[in-house]
Amino acid sequence: MILSGIEIKNRLDKDIFIYPFSEERINPNSYNLRLDNKLLVYNDDFLDMKKQHVTEEMIIPEEGIILEPNRLYLGRTVEYTRTENLVPMLEGRSSIGRLGLFVHITAGFGDVGFSGYWTLEIFCVQPIKIYPGIEICQIYYHDISKPFETYSTGKYQNNDGIQASMLYKDFEP
C-alpha cells in the first residue's frame with residue numbers, strides 16, 4: 001500500500017524523516033524533492049563496471065545550465081531523507097518527464113532503513129536548461145511485510161553527496 005500525503009505528514013519524525021521539510025511539497029501520495037546545485041559527470045570515454053571512474057563536478061548557476069543529450073549527469077536531492085519501517089521509492093515528476101528529462105533512469109527503489117541524499121541519474125533526450133532548487137522528483141512510501149531486515153550498512157548508506165557508481169566494489173575479493 002502506498003501512503004497518502006496526509007499519512008506522510010503524520011509519520012514525519014517517526015518513520016519518515018525529510019530535512020529540510022516544507023509542507024508545500026506534499027502531494028496527494030508523495031513529497032517533492034529538489035535538485036541540489038551540483039552535478040557529477042564521468043570523464044572516461046567508456047565506462048567499465050569493474051573499475052572506479054574519475055568524475056568532474058559541475059555547479060548549476062542560479063541562471064541555469066543546459067544539459068546535453070546522450071550524456072549522463074549525476075545529481076542529488078537537496079533533502080536528506082531517512083525511512084524506517086517503510087520502503088521509499090523515487091520517481092521523476094511528470095512535468096519534468098514531459099520535457100524529456102529522465103531523473104533516475106533505473107534507481108528509484110530504496111531500501112527500508114535508507115538514510116542519505118538521493119543520487120539522481122539524469123539524462124535528457126534533447127538540450128534542456130535546468131536550475132538549482134527545482135522540484136525535480138517525488139518520493140513516496142510503501143508498507144513492507146514483516147519480518148524484514150533494515151538496511152543499515154552499504155555502499156551508499158549515510159552519504160553526504162552525489163554518489164558515483166560503486167559497482168566495482170562488487171568485483172573485489
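A residue is called buried when its relative accessible area is under 20%, and exposed when that value is over 50%. With this cut-off in hand, the predicted model shown above can be explored, starting from one of its strands. Strand 9, which covers residues 115-124, has 9 of its 10 residues buried, so this strand is largely enclosed by the rest of the structure.

What surrounds strand 9 can be followed through its pairing. Strand 6 (residues 73-83) pairs with strand 9 in the antiparallel sense, and 7 bridges connect the two. One place to look for this pairing is Y80, whose bridge partner in strand 9 is Y117. Strand 8 (residues 101-102) also runs antiparallel to strand 9, and 2 bridges join these strands. Here F102 is the residue to find, as it stands opposite F123 of strand 9. A general point helps when viewing such strands: in a regular strand, the side chains alternate between the two faces of the sheet.

Stepping back to the whole protein chain, 2 helices and 11 strands are found. Along the sequence they follow the pattern α-β-β-β-β-β-β-β-α-β-β-β-β. The radius of gyration is 16 Å, close to the 16 Å that the globule rule gives for 173 residues, so the protein chain is as compact as a globular protein of that length. Taken along the principal axes, the C-alpha atoms fill a box of roughly 45 × 45 × 25 Å.

Burial and contacts add to this picture. Of the 173 residues, 45% count as buried. Among contacts between residues at least 6 apart in sequence, 72% join residues that are at least 24 apart. The protein chain exposes about 9,800 Å², of which carbon and sulfur atoms supply 51%. As for charge, there are 17 positive and 25 negative side chains, and the centres of these two sets lie 2 Å apart.

The region around helix 1 offers some individual residues to visit. E7 is found in this helix, which spans residues 5-10. Its relative accessibility is 26%, so E7 counts as partly exposed. Although E7 and Y141 are 134 residues apart along the chain, their C-alpha atoms are separated by 9.8 Å. Further along, in the loop between helix 1 and strand 1, comes D13. With a relative accessibility of 53%, D13 counts as exposed.

The backbone also holds a few details worth a closer look. Most residues other than glycine have a negative phi, and most peptide bonds are trans. Against that background, D13 has a positive phi, near 65°. N70 is another residue with a positive phi, in this case near 60°. The place of N70 is the loop between strand 5 (65-67) and strand 6, and at 70% relative accessibility this residue counts as exposed.

Two peptide bonds that lead into a proline complete the tour. The bond from Y19 to P20 is cis, with omega near -10°. P20 sits in the loop between strand 1 (16-19) and strand 2 (31-34). The bond from K146 to P147 is cis as well, with omega near 0°. P147 lies in the segment that comes after strand 11 (135-143).

How values were computed. Residues numbered from 1 in each chain as written. Predicted model: local features only at pLDDT ≥ 70, side-chain atom pairs only at ≥ 80, totals over all residues. Heavy atoms only, no water. Buried < 20%, exposed > 50% of the residue type's maximum accessible area, 1.4 Å probe, protein only. Helix = DSSP H or I, 4+ residues; strand = E, 2+ residues; numbered from the N terminus. Pairing = 2+ DSSP bridges. Rg over C-alpha atoms; globule rule 2.2 N^0.38 Å. Contact = heavy atoms within 4.5 Å. Areas by Shrake-Rupley, 256 points an atom, 1.4 Å probe, with all protein chains shown as cover. Lys, Arg positive; Asp, Glu negative; His and termini not counted. Charge placed at Lys NZ, Arg CZ, Asp CG, Glu CD.
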